[in-house]
Amino acid sequence: MKILSVNCGSSSLKFQAYEMPEEKVLIQGLFERIGIDGSCYTITINGEKTTKEVDLPDHQVAVDYLTKELLENKVVSSLDEIEGVGHRVVAGGDQFDRTTVINDEVLQAIDALSKLAPLHNPAAVIGIKAFQKAIPNAIATAVFDTAFHQTMPKENYLYPVPMNWYTEYAVRRYGAHGTSHQYISERVNEILGRKDTKVITCHVGNGGSISAVLNGKCINTSMGFTPNAGIMMGSRSGDIDVTLATYMMEQTGMSPKEIDHALNKESGLLAVSGISSDARDIEAGINEGNENCKLAQKMYVNRIRDYIAKYYVELGGCDAIVFTAGLGENSILTRKQIMNALAPLGVVLDEKANEIRGVEALVSAKDSSIPCYVIPTDEEVMIARDTYALAK
């Protein structure tokens with residue numbers, strides 16, 4: 001059975017086609033700058049990458065190019081061979097705790113939940129409609145970033161604010177990156193050969209979140225009502241004193257939208273380093289002796305350390321710590337500093353083993369009290385698995 005995994009952003013469309021249940025990747029690609037000048041797309045088949053510069057005024061045109069590539073590259077002889085299209089949806093609120101077949105009611109709910117993810121859910125709705133038009137006979141599913149975190153107990157997802165904020169306005173912790181946390185927690189359980197585990201999963205990229213996973217179920221996660229909560233990130237502040245927002249509004253006359261933009265787009269590594277939100281630029285600055293870059297990295301590592309230590313206590317111990325996503329998979333320096341900071345928990349780094357990027361590996365020493373792994377995430381295959389299960 002052929003399944004498409006789709007991730008639509010406001011100006012992008014990432015996809016991967018699989019032969020299921022073998023999980024063989026048939027084609028993958030990325031459409032960029034949709035609705036913006038200089039749009040293009042990249043297709044990869046059998047390791048060969050091709051980039052084409054085309055006009056992409058909207059997502060429907062991108063989907064039309066995608067289906068054309070599927071046919072011209074003989075991935076399918078007819079679009080009817082694609083039996084399922086799985087869509088990544090960031091916010092499912094507390095309405096969706098699992099992957100769901102999309103019908104009119106579900107689509108309306110996803111659209112209504114745009115208030116919780118104004119940059120992401122509207123793009124997902126656009127993508128869903130575009131694929132429904134292009135491949136109408138395929139089952140469409142929504143795979144929610146928030147679903148994995150719906151197993152959190154009430155004491156962890158509620159905020160200590162007036163209760164009507166929750167009952168009337170749905171204010172609570174939702175988390176994000178759930179598909180990634182689920183994938184790597186399941187994979188590390190396979191490595192450990194058991195399911196009764198206490199695992200701390202670290203999705204550490206330009207956006208980042210830490211989760212506590214007990215016996216395969218999430219019991220806590222660092223992101224909150226929005227993805228700005230938790231650890232410091234590339235351009236997001238992470239946890240702050242919320243009164244900073246009202247204070248700065250009073251002092252400067254900034255509007256709520258301007259405050260939101262500052263905390264999401266002008267903070268984090270970008271703000272402290274003064275040069276970039278990209279961790280690679282921060283590391284380059286450190287190597288050049290830039291003190292602001294050193295400070296940004298120190299603050300970043302400390303906040304990740306704090307969440308890992310917190311979840312270690314909450315879980316009552318830990319069977320494995322897992323690093324994934326852009327920095328987790330590729331930043332030798334960041335992993336080293338985080339693991340060294342966890343020495344009070346008995347974590348011991350294997351310097352040689354840590355000299356890897358983008359591959360699965362054990363990076364802790366034999367005498368480490370907690371094994372630490374790098375596991376490349378694969379959200380696309382999780383989308384394909386869930387969609388295949390429903391399409392069957």
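A pocket is an open set of grid points with protein on both sides within 12 Å along at least five of seven lines, and its lining residues have an atom within 4 Å of a point. The model used here is predicted.

**Exercise 1. Describe the lining of the second largest pocket.**

Step 1. Start with the count. The lining holds 24 residues. Phe 148, Gln 182, Glu 186, Gly 216 and Lys 217 lie nearest the centre of this pocket.

Step 2. Add the volume. The second largest pocket fills about 560 Å³.

Step 3. Find the contributing elements. β8 (139-144), α6 and α14 (379-391) each supply at least two lining residues. Helix α6 gives the most, with seven residues.

Step 4. Sort the lining by class. Five residues are nonpolar, 10 are polar and nine are charged.

**Exercise 2. Find what the salt bridge between Lys 2 and Glu 19 ties together.**

Step 1. Check the distance. The cut-off for a salt bridge is 4 Å between side-chain nitrogen and carboxyl oxygen. Lys 2 and Glu 19 meet at 3.0 Å, N to O.

Step 2. Place both residues. Lys 2 belongs to strand β1 (residues 2-8) and Glu 19 to strand β2 (residues 13-19), so the bridge links parts 17 residues apart in sequence.

Step 3. Look at exposure. Both Lys 2 and Glu 19 are buried.

**Exercise 3. Work out which elements Lys 52 and Glu 69 connect, and how exposed Lys 52 and Glu 69 are.**

Step 1. Take the distance. Their side chains form a salt bridge at 2.8 Å, N to O.

Step 2. Place the partners. Lys 52 sits in strand β5 (residues 48-53) and Glu 69 in helix α1 (residues 59-72), so the pair ties together parts 17 residues apart in sequence.

Step 3. Apply the cut-off. Buried means under 20% relative accessible area. Glu 69, at 4%, is buried. Lys 52, at 32%, is partly exposed.

**Exercise 4. Trace the salt bridge between Arg 194 and Asp 319, then place it in the full set of salt bridges.**

Step 1. Read the contact. The N to O distance is 3.6 Å.

Step 2. Locate the loops. Arg 194 lies between α6 (178-192) and β9 (198-204), and Asp 319 between α11 (291-315) and β12 (320-324), so the bridge joins parts 125 residues apart in sequence.

Step 3. Compare accessibility. Arg 194 is partly exposed at 33%. Asp 319 is partly exposed too, at 22%.

Step 4. Look for shared partners. Lys 2, Glu 19 and Glu 81 are joined into one network by salt bridges.

Step 5. Finish with the total. The structure holds 16 salt bridges.

How values were computed
Residues numbered from 1 in each chain as written. Predicted model: local features only at pLDDT ≥ 70, side-chain atom pairs only at ≥ 80, totals over all residues. Heavy atoms only, no water. Helix = DSSP H or I, 4+ residues; strand = E, 2+ residues; numbered from the N terminus. Buried < 20%, exposed > 50% of the residue type's maximum accessible area, 1.4 Å probe, protein only. 1 Å grid on protein atoms, 1.4 Å probe; cavity = no way out; pocket = protein on both sides within 12 Å on 5 of 7 lines; lining within 4 Å. Points joined across faces, edges and corners; volume = space filled by probe spheres on them. Nonpolar A, V, L, I, M, F, W, Y, C, P; charged D, E, K, R; others polar.
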